[in-house]
Amino acid sequence: MRLFNYPNLPLRRKQTTEEIEELRGIWLINWQIGKIRLYSTYYTCVDQACIIWSLLVLPMFIVAQFFAVSWVLQAILWSIISSIGVISMIFFAYNWAAAKQITWLLYCWSCLIITGLILTDLSIFLGWGQLLINLCPLWLLLSAIGYLCTGFAVRSRAFLWTAIAHVLVIFILPYISAWQFIFTGLFTASCLLILAEFQWDIL
């Protein structure tokens, strides 16, 4: 039994057709001026979840990097927004996960995110300094675990490579410690948008 779909590239341009369960609820994008097509693509339910998370994640790290906002206020605000993200993720991707018989993957991601929120909030409210200065590595590691589980769940090398990339970035952070929040935010959001924009391999 093959573990991955090796004939296909991990990431490739989206095809015109996909499996029927992925076509349900898709967003069709077709921008054109007259007969000149500027941009045409579609976003599946999983793509939509990735896009939403990218839009939620980036502001969190931008504010932490550039704005003198109370950490307590940030903890409360980002916990609320992240909870909305978890609910949105389940809403968009549940039917797809159910069709693939991998609903456990949604619960896995939810648990990882909730774990990250709890540890982040505790580090802020209880003054856990060592954890507080390692929030970026924490979230990169949790994301790597999520992508690793996703890669094996859907038999996708794209997600496995994304997991490896997240781990490698952890080792880069000490060299850019002054800019680690914005770097982590841009990297995390970029990975999500790339996964949403391209068609990833799946067995």
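**Exercise 1. Decide whether Q101 is buried, partly exposed or exposed, and say where Q101 sits.**

*Solution.* Start with the accessibility: Q101 has a relative accessibility of 70%. The cut-off for exposed is over 50%, so Q101 counts as exposed. Please keep in mind that this is a predicted model. Next, find the place in the chain: Q101 belongs to the loop between helix 3 and helix 4. Finally, look at the backbone, where phi of Q101 is near 60°, a positive value in a residue other than glycine.

**Exercise 2. Now try R155: what is its phi, and which loop holds it?**

*Solution.* Begin with the backbone: phi of R155 is near 55°, and this is a positive value in a residue other than glycine. Then locate the residue: R155 is found in the loop between helix 6 and helix 7. As a last step, check the surface: R155 has a relative accessible area of 21%, so it is partly exposed.

**Exercise 3. Work out how helix 3 and helix 4 are oriented relative to each other.**

*Solution.* Two numbers are needed, because two packed helices are described by the angle between their axes and the distance between the axes. Here the axes of helix 3 and helix 4 come within 9 Å and cross at roughly 175°. Angles over 145 degrees count as roughly antiparallel, so helix 3 is roughly antiparallel to helix 4. To finish, sort the residues of this contact by class: 19 are nonpolar, four are polar and one is charged.

**Exercise 4. Repeat the analysis for helix 7 and helix 8, and list the residues that meet.**

*Solution.* First the geometry: the axes of helix 7 and helix 8 come within 12 Å, with a crossing angle of roughly 175°. Helix 7 and helix 8 are therefore roughly antiparallel to each other. Then the partners: helix 7 brings A158, F159, T162, A165, H166 and V169, and these meet F183, F187, T188, C191 and L195 of helix 8. By class, the contact of helix 7 with helix 8 has eight nonpolar residues, three polar ones and no charged ones.

**Exercise 5. Classify the ring pair of F66 and W179, then the ring pair of W71 and F181.**

*Solution.* Searching the whole structure turns up nine aromatic pairs. For F66 and W179, the ring centres are 6.0 Å apart and the planes stand at 50°, so the pair is tilted. Place both partners: F66 is in helix 2 (residues 45-66), while W179 is in the loop between helix 7 (157-172) and helix 8 (180-197). The two residues are 113 residues apart, and their pair links distant parts of the chain. F66 has 47% relative accessibility and counts as partly exposed.

Go on to W71 and F181: their pair is also tilted, at 5.9 Å centre to centre with 50° between the planes. W71 lies in helix 3 (residues 71-100) and F181 in helix 8, so this pair ties together parts that are 110 residues apart in sequence. Compare the surfaces: W71 is partly exposed, at a relative accessible area of 35%, whereas F181 counts as buried, at 15%.

**Exercise 6. Find the residues with the most contacts inside the largest nonpolar core, and the helix that gives the most to this core.**

*Solution.* The largest nonpolar core has 45 residues, and W53, W96, Y147, V154, L195 and W200 have the most contacts inside it. Helix 2, helix 3, helix 4 (103-125), helix 6 (135-154), helix 7 and helix 8 each supply at least two residues of this core. Helix 2 gives the most, with 12 residues. Zoom in on W53: leaving out residues up to four places away in sequence, W53 touches S82, G85, V86, M89, I113 and L192. Another core, of five residues, lies apart from the largest one and includes L112, L135, L138 and L142. For the rings, follow the pairs that link W96, W109, Y147, F159 and W200 into a cluster.

**Exercise 7. Describe the surroundings of T120: is T120 buried or exposed, and which residues are in contact with T120?**

*Solution.* T120 lies in helix 4. With a relative accessible area of 12%, T120 is buried. Its contacts, neighbours within four places in sequence aside, are L135, L138 and W139. As a distance check, T120 and S54 are 66 residues apart in sequence and 19 Å apart in space, C-alpha to C-alpha.

Definitions and conventions. Residues numbered from 1 in each chain as written. Predicted model: local features only at pLDDT ≥ 70, side-chain atom pairs only at ≥ 80, totals over all residues. Heavy atoms only, no water. Phe/Tyr/Trp six-rings, centres within 6.5 Å; stacked < 30°, edge-to-face > 60°. Helix = DSSP H or I, 4+ residues; strand = E, 2+ residues; numbered from the N terminus. Buried < 20%, exposed > 50% of the residue type's maximum accessible area, 1.4 Å probe, protein only. Core = buried A, V, L, I, M, F, W, Y, C linked by side-chain atoms within 4.5 Å. Contact = heavy atoms within 4.5 Å. Axes fitted to C-alpha atoms, helices over the stretch in contact; angles between N-to-C directions. Parallel < 35°, antiparallel > 145°, perpendicular 65-115°, else oblique. Nonpolar A, V, L, I, M, F, W, Y, C, P; charged D, E, K, R; others polar.
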